[in-house]
Amino acid sequence: MAVLPVVTLPDSKLRQPSALVTTVDASVRALLDDMIETMYDAPGIGLAAVQIGVMQRLVVIDTAKEDEPRQPLFLVNPEITWRSEETSSYEEGCLSIPDDYYEVTRPERVRVTSLDRNGEPQHIEADGILATVLQHEIDHLDGVLFIDHISKLKRDRVIKKFEKAARIARENGRPFNPRDGDRPEAPERTPPRRSMNAT
């Protein structure tokens, strides 16, 4: 297993839909293992393959608290088949938009179908934080970011901040790392919060 770099704004891959996985083979399982390792290292509670630059419909999730045993979920070609009319709000963040957190309202419960890491069908009925993370990660597979669920004013501010930081990094001949001071607005580095990526 390997820890892979996470794609961040303003990378255009994050706005592209991901392709269906046609066969769950050893290479897909190896990729899922790399994804879960990358997610734990970040640290996060969910990760979509596009976030490591792979345009396939793959998601890994683990909403276990830090003092609980790990409970990884592997989803291949996940699809939301039902959403409740009732909603709930969580403060969401995203590994691809580090250090920005906003309250997002989504359906409180969902049903999701997918294949597991062995290619077998699995059905998940979720509420609470798991329902939120499922929706957040499946959004990624369709090129949708959690900031698309907040006001245009806030969304534009986030996008401009990352575009500016990437430009500054280019002008200084450095690779863009949104956590290392390329963003003038960012505070000094602090230990990262677990991000959904409540994502």
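Okay, let's start with a pair of strands: β6, residues 109-115, runs antiparallel to β7, and the two are joined over seven bridges. If you want one spot to look at, find S114, whose bridge partner in β7 is Q122. Then follow the chain through the hairpin of β6 and β7, where five residues sit between the strands. One of the residues to click on there is G119, which has a positive phi near 85 degrees.

Before I go on, a word of caution: this is a predicted model. The mean pLDDT of the chain is 91, with 89% of the residues at 70 or more. The stretch to be careful with is 181-192, where the pLDDT is below 50. That stretch does have 23 contacts in the model beyond near neighbours in sequence. Still, where pLDDT is low, the predicted coordinates shouldn't be read in detail.

Right, the overall layout. We've got three helices and seven strands, and along the sequence they come as α-β-β-β-β-β-β-β-α-α. The chain has 199 residues, and 47% of them are buried. Its accessible surface is about 10000 Å², with 48% of that belonging to carbon and sulfur atoms.

Back to β7 for a second, residues 121-127. Which residues are on its covered face? Those are Q122, I124 and A126. On the uncovered face you'll find P121, H123, E125 and D127. That fits the general rule: in a regular strand, side chains alternate between the two faces of the sheet.

Now for helix α3, residues 152-171. With 20 residues, α3 reaches 28 Å from first C-alpha to last, close to the 28 Å expected at 1.5 Å a residue. Its buried residues are R155, V158, K161, F162, A165, A166, I168 and A169. Why do we say they're on the same side of α3? Because they cover an arc of only 165 degrees around the axis.

And what do those buried residues pack against? The answer is β5, residues 97-107. Now turn the helix around: the face away from the buried side carries exposed residues K152, L153, K160, R170 and E171. Finally, just past the helix, look for G173, which follows α3 and has a positive phi, near 65 degrees.

So, if you're opening this for the first time, my suggested tour is the β6 and β7 hairpin with G119, then the two faces of β7, then α3 packing on β5 through its buried residues. That's it from me, thanks.

Notes: Residues numbered from 1 in each chain as written. Predicted model: local features only at pLDDT ≥ 70, side-chain atom pairs only at ≥ 80, totals over all residues. Heavy atoms only, no water. pLDDT = per-residue confidence, 0-100. Contact = heavy atoms within 4.5 Å. Helix = DSSP H or I, 4+ residues; strand = E, 2+ residues; numbered from the N terminus. Buried < 20%, exposed > 50% of the residue type's maximum accessible area, 1.4 Å probe, protein only. Areas by Shrake-Rupley, 256 points an atom, 1.4 Å probe, with all protein chains shown as cover. Pairing = 2+ DSSP bridges. Expected span 1.5 Å × (residues − 1). Arc of directions from axis to C-beta.
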